[in-house]
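Work through the following exercises with the sequence and the structure open beside you. Try each task before you read the solution below it.

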Amino acid sequence: MKRTSQSTRDPRDYGYPIADIAVLSAKAVEVTRRLTQLYGELPFSSKDPMSMLVEILLSHRTYDAQTDVAYENLLNHFGSWEAVRDAPTPEIQETIANVNFPEVKAPRIQAVLRQITQERGSLNLDFLCELPLEESAAWLNRFEGVGPKTTACAHCFTRSLYICAL
């Protein structure tokens, strides 16, 4: 017996596909406004940009639960990103041993922390909020292990960078 599939939805019934970015942006803003009105404002994270960047670097090819444990392990063991930056790499690697590729992530995170400190004088990325989105993304993309996806996640999930990008 031949089965008929359920009727398929035609995306054109919903006004898609369209290439008009302004129209799509207006729709996105309206959807966001309605959801916020209905559910309130629910930030993805309360982490500062530096903490979010470290968490995202830990998350590469790793389950969220493992990432969360490694992130907490770093902060509980070392207490600050400055201490993580300055610690012996094998100690960092041991602390994040539960994530995939800790032997890659430990030196990479430390290198990023060192480069940020060298360029900015501290481990604070709040200045990215003052830059246009494209400049902020370009600044982050310069680091080894930080590509477009990591940068996009940092912008989306870090409240201060997200709000500034709007």
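**Exercise 1. Find which helices each supply at least two residues of the lining of the second largest pocket, and then describe that pocket.**

Solution. Bear in mind from the start that this is a predicted model. Begin with the helices: α2, α3 and α8 each give at least two residues to the lining of the second largest pocket, and the largest share, five residues, comes from α8. Next, consider the space itself, which amounts to about 420 Å³. The lining is made of 17 residues, and those closest to the centre of the pocket are I56, S59, D64, C153 and F157.

Now take C153 as an example from this group. C153 belongs to helix α8, and with a relative accessibility of 22% it counts as partly exposed, because the partly exposed class lies between 20% and 50%. If neighbours within four places in sequence are left aside, C153 is in contact with I56 and T158. The first of these partners shows how the chain folds back on itself in space, for C153 and I56 are 97 residues apart along the chain, while their C-alpha atoms are separated by 7.4 Å.

**Exercise 2. State how many helices and strands the protein chain has, and what part of its residues is buried.**

Solution. First count the elements: the secondary structure comes to nine helices and zero strands, and reading along the sequence therefore gives the pattern α-α-α-α-α-α-α-α-α. Then turn to burial, where buried residues make up 30% of the 166 residues in the chain. Finally, look at the contacts between residues at least 6 apart in sequence, of which 53% join residues at least 24 apart.

**Exercise 3. Identify the buried residues of helix α7, and decide how they are placed around its axis.**

Solution. Helix α7 covers residues 133-141, and its buried residues are S136, A137, W139 and L140. They cover an arc of only 160° around the axis, which puts them on the same side of α7. The next step is to ask what these residues pack against, and the elements concerned are α2 (49-59), α6 (102-120) and α8 (148-157).

For contrast, examine A138, which also lies in helix α7 but counts as partly exposed at 44% relative accessibility. A138 and P148 are ten residues apart in sequence, and the distance between their C-alpha atoms is 8.9 Å.

**Exercise 4. Describe two of the aromatic pairs in the structure, using the distance of the centres and the angle of the planes.**

Solution. The structure holds three aromatic pairs. One of them is formed by Y71 and W81, with 5.6 Å from centre to centre and 55° between the planes; this pair is called tilted because its angle is neither under 30 degrees nor over 60. Y71 lies in helix α3 (residues 64-78) and W81 in helix α4 (residues 81-86), so the pair ties together parts that are ten residues apart in sequence. Both residues are buried.

Another pair is that of W139 and F143, where the centres are 5.0 Å apart and the planes make an angle of 75°; this value is over 60 degrees, and therefore the pair counts as edge-to-face. W139 is buried at 14% relative accessibility, and F143 is buried too, with a relative accessible area of 2%. Ring pairs also bring in F127, so that F127, W139 and F143 are linked into a cluster.

To finish, check for charges over the rings. The charged end of K47 sits over the ring of Y71, at 4.7 Å from its centre, and R142 lies over the face of F143, 5.0 Å from the ring centre.

**Exercise 5. Where are R61 and F101 found, and what is the sign of phi in each?**

Solution. Start from the general rule that most residues other than glycine have a negative phi. R61 departs from this sign, since its phi is near 55°, a positive value in a residue other than glycine. R61 is found in the loop between α2 and α3, and at 69% relative accessibility it counts as exposed. F101 likewise has a positive phi, of about 60°, although it is not a glycine. F101 lies in the loop between α5 (89-95) and α6, and it is partly exposed, with a relative accessible area of 39%.

Methods:
Residues are numbered from 1 along each chain as its sequence is written. This is a predicted model: local features need pLDDT of at least 70, side-chain atom pairs count only at pLDDT 80 or more; totals for chains, interfaces and linings use all residues. Side-chain values use heavy atoms; hydrogens and water are left out. Rings of Phe, Tyr and Trp (its six-membered ring) pair if their centres lie within 6.5 Å; planes under 30 degrees apart count as stacked, over 60 as edge-to-face and the rest as tilted. Helices (H or I, at least four residues) and strands (E, at least two) are DSSP runs, numbered from the N terminus. Buried means under 20% relative accessible area, exposed over 50%, partly exposed in between (1.4 Å probe, protein chains only). A charge sits over a ring if NZ of Lys or CZ of Arg is within 6 Å of the ring centre and within 35 degrees of the ring normal. The arc is that of the directions from the helix axis to the C-beta atoms. Contact means heavy atoms within 4.5 Å. On a 1 Å grid over the protein atoms alone, a cavity is a set of points where a 1.4 Å probe fits but cannot get out, and a pocket is an open set with protein on both sides within 12 Å along at least five of seven lines; lining residues have an atom within 4 Å of a point. Grid points are joined across faces, edges and corners, and a volume is the space filled by probe spheres set on the points.
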